[in-house]
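Visitor: I am new to this structure and would like to learn how to read its features one at a time. Could you guide me through it slowly?

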Amino acid sequence: MIQAGSASLQITPADALIDMPRRIVASGLPAGTAHVTATLQHPDGSRWRSTADFEVGADGVLDLDARAPLRGDWDVADAMAVVWAMRREAAPTAAELSEETAALQIVVEVVAGPQRLEASFVQRYESAGVSRSELRGEISGTLFTPATPGPHPAIVVMNGSGGGIPRQRAALYAAHGYLALALGYFKAPGRPDYISETPLEYFEQALQWLHRTHAPRRGFVAVTGQSRGGELSLLLGSRFPRLVSAVIAYVPSSVVHGSLRAGRPGQAPDAPVWTWQGEPLRNVWQDNPNADWTAFLQAPPDGAPVRQEPAFRTAMTHAPSVAAARVPVEQIAGPVMLVSGTDDGFWPSAEYSQQIAATLHAHGHQWAVEHVRCEGAGHAIGVPHHPATLIAKPHPVAGLVLSGGGTARANAHANRSAWTAVLRFLREASA
């Protein structure tokens, strides 16, 4: 921390988990305008920055949770806006580290008149004592074990159509006391490069392994995933109710979809994704007379991001196709939490989640059903307190630039509120 005379910049806590909000307060400043800058040099090589100007009163105090900027990259009183409002100034140079669990250091600078103050804080995905082991062979993934004595309740964490291994979220669950398996099922070591024709037996095997090898506390194993991973989580809870104790589905679908943008090169987007006993699960796009791919297949000549969500609505207007592809969520034998955004640019996750909740209620589901409906948020809802300004970005498999929807402010609020709800849901479900 740099101090100037009696002036100081305090950030508390200075070193904590990424989901911990920080208090950022400068004092002893001259009255007038103060310029705040926050920077992040990400371990993947990308660089991020946010800036804003504030009015400092006669008391010389600038509390970022109490004062909104005059102008800048954010417009609300929120200390964590220095992170979520960050804009990327340089792309990653080591993209394989983007989903790794290395700590992030945020440097905050306050300039007011002749005074310049600087302080930093560290955001961690892993807490002290959490152990990590890589799984290769029949199961591909990373297992995070809490520092506290076991047995622990467990959770299986899965990505969506980008594939890979979701280590950051799993590490954070482990920091909160859960045995967390970040499970890869494509674009992961020993797994296919594409989502096409993924056997549900693979996930059954992973769940059985977790139960057999680690004997989670009271046999509790939750599953969670985002987007296609949300669809998958609901499928696993429905098909393997004895192995799945609870489901947390982020921006999920109520129906099975085709390979879309994550299938093998040359495959039609309605090609099958999930199989069971060698047979493909029917998806909502197959032989659907109402399906209109126009919004999905658009390629704007100016390179503008594609908002594909309207295409998914057309497929849902043909009742027989919907019925044939519906995820039978009424077979889930445990509590269900759904997280959605009302401005989802990928697919209508809020409507899908409403349909799922309605189905569960109609069947007299005896466990808790919660829907965290995030107003104005898009598709990218996840860990709180990280940059939220990349609304449009290339799909990890197809490469096409897609708009996830929402705004940085709405998505950041969704990240925080949904994560708080998920942790509370897990505590209650595993008690």
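Visitor: Let me begin with a single residue: is Leu 236 buried or exposed?

Guide: Please keep in mind that this is a predicted model. A residue counts as buried when its relative accessible area is under 20%, and Leu 236 has a relative accessible area of 2%, so it is buried. Leu 236 belongs to helix H4, which covers residues 228-239, and its C-alpha atom is separated by 9.6 Å from that of Leu 207, a residue 29 residues apart from it along the chain.

Visitor: How many aromatic pairs does a search of the whole structure find, and how should I read one of them?

Guide: The search finds 14 aromatic pairs. One of them is formed by Phe 54 and Trp 74, whose rings are 6.0 Å apart centre to centre with 55 degrees between the planes, and this pair is tilted. Phe 54 is in strand E5 (residues 47-56), whereas Trp 74 is in the loop between strand E7 (71-72) and helix H1 (81-84), so the pair links distant parts of the chain, 20 residues apart. Both Phe 54 and Trp 74 are buried.

Visitor: What kind of pair do Phe 312 and Trp 347 make, and why?

Guide: Planes over 60 degrees apart count as edge-to-face, and the planes of Phe 312 and Trp 347 stand at 80 degrees with the ring centres 5.8 Å apart, so this pair is edge-to-face. Because Phe 312 lies in helix H6 (residues 309-315) and Trp 347 in the loop between strand E20 (336-341) and helix H8 (349-362), the pair ties together parts that are 35 residues apart in sequence. Both Phe 312 and Trp 347 are buried, and they belong to one aromatic cluster together with Trp 285, Trp 293, Phe 296 and Tyr 352.

Visitor: Which ring does the charged end of Arg 261 sit over?

Guide: The charged end of Arg 261 sits over the ring of Phe 296, 3.8 Å from its centre, and Phe 296 is one of the residues in the aromatic cluster. In another place, the charged end of Arg 191 sits over the ring of Tyr 202, 3.8 Å from its centre.

Visitor: What should I look for inside the structure, and how many cavities of 30 Å³ or more does it hold?

Guide: The structure holds three such cavities, and the largest has a volume of about 110 Å³. This largest cavity is lined by 13 residues, of which Ser 161, Leu 260, Gln 308, Phe 346 and His 395 lie nearest its centre. Its lining divides into six nonpolar, five polar and two charged residues.

Visitor: How should I read the backbone, and where is Val 251 placed?

Guide: Most residues other than glycine have a negative phi, and most peptide bonds are trans. Val 251 has a positive phi, near 35 degrees, and its place is in the loop between strand E17 (246-250) and strand E18 (274-276). With a relative accessible area of 0%, Val 251 is buried. Lys 187 also has a positive phi, near 55 degrees, but this residue is partly exposed, with a relative accessible area of 36%.

Visitor: Which residues does a cis peptide bond join?

Guide: One cis peptide bond joins Thr 12 and Pro 13, with omega about -10 degrees, and Pro 13 lies in the loop between E1 and strand E2 (15-17). The peptide bond from Gly 150 to Pro 151 is cis as well, with omega near 0 degrees.

How values were computed
Residues numbered from 1 in each chain as written. Predicted model: local features only at pLDDT ≥ 70, side-chain atom pairs only at ≥ 80, totals over all residues. Heavy atoms only, no water. Phe/Tyr/Trp six-rings, centres within 6.5 Å; stacked < 30°, edge-to-face > 60°. Helix = DSSP H or I, 4+ residues; strand = E, 2+ residues; numbered from the N terminus. Buried < 20%, exposed > 50% of the residue type's maximum accessible area, 1.4 Å probe, protein only. Lys NZ or Arg CZ within 6 Å of the ring centre and 35° of its normal. 1 Å grid on protein atoms, 1.4 Å probe; cavity = no way out; pocket = protein on both sides within 12 Å on 5 of 7 lines; lining within 4 Å. Points joined across faces, edges and corners; volume = space filled by probe spheres on them. Nonpolar A, V, L, I, M, F, W, Y, C, P; charged D, E, K, R; others polar.
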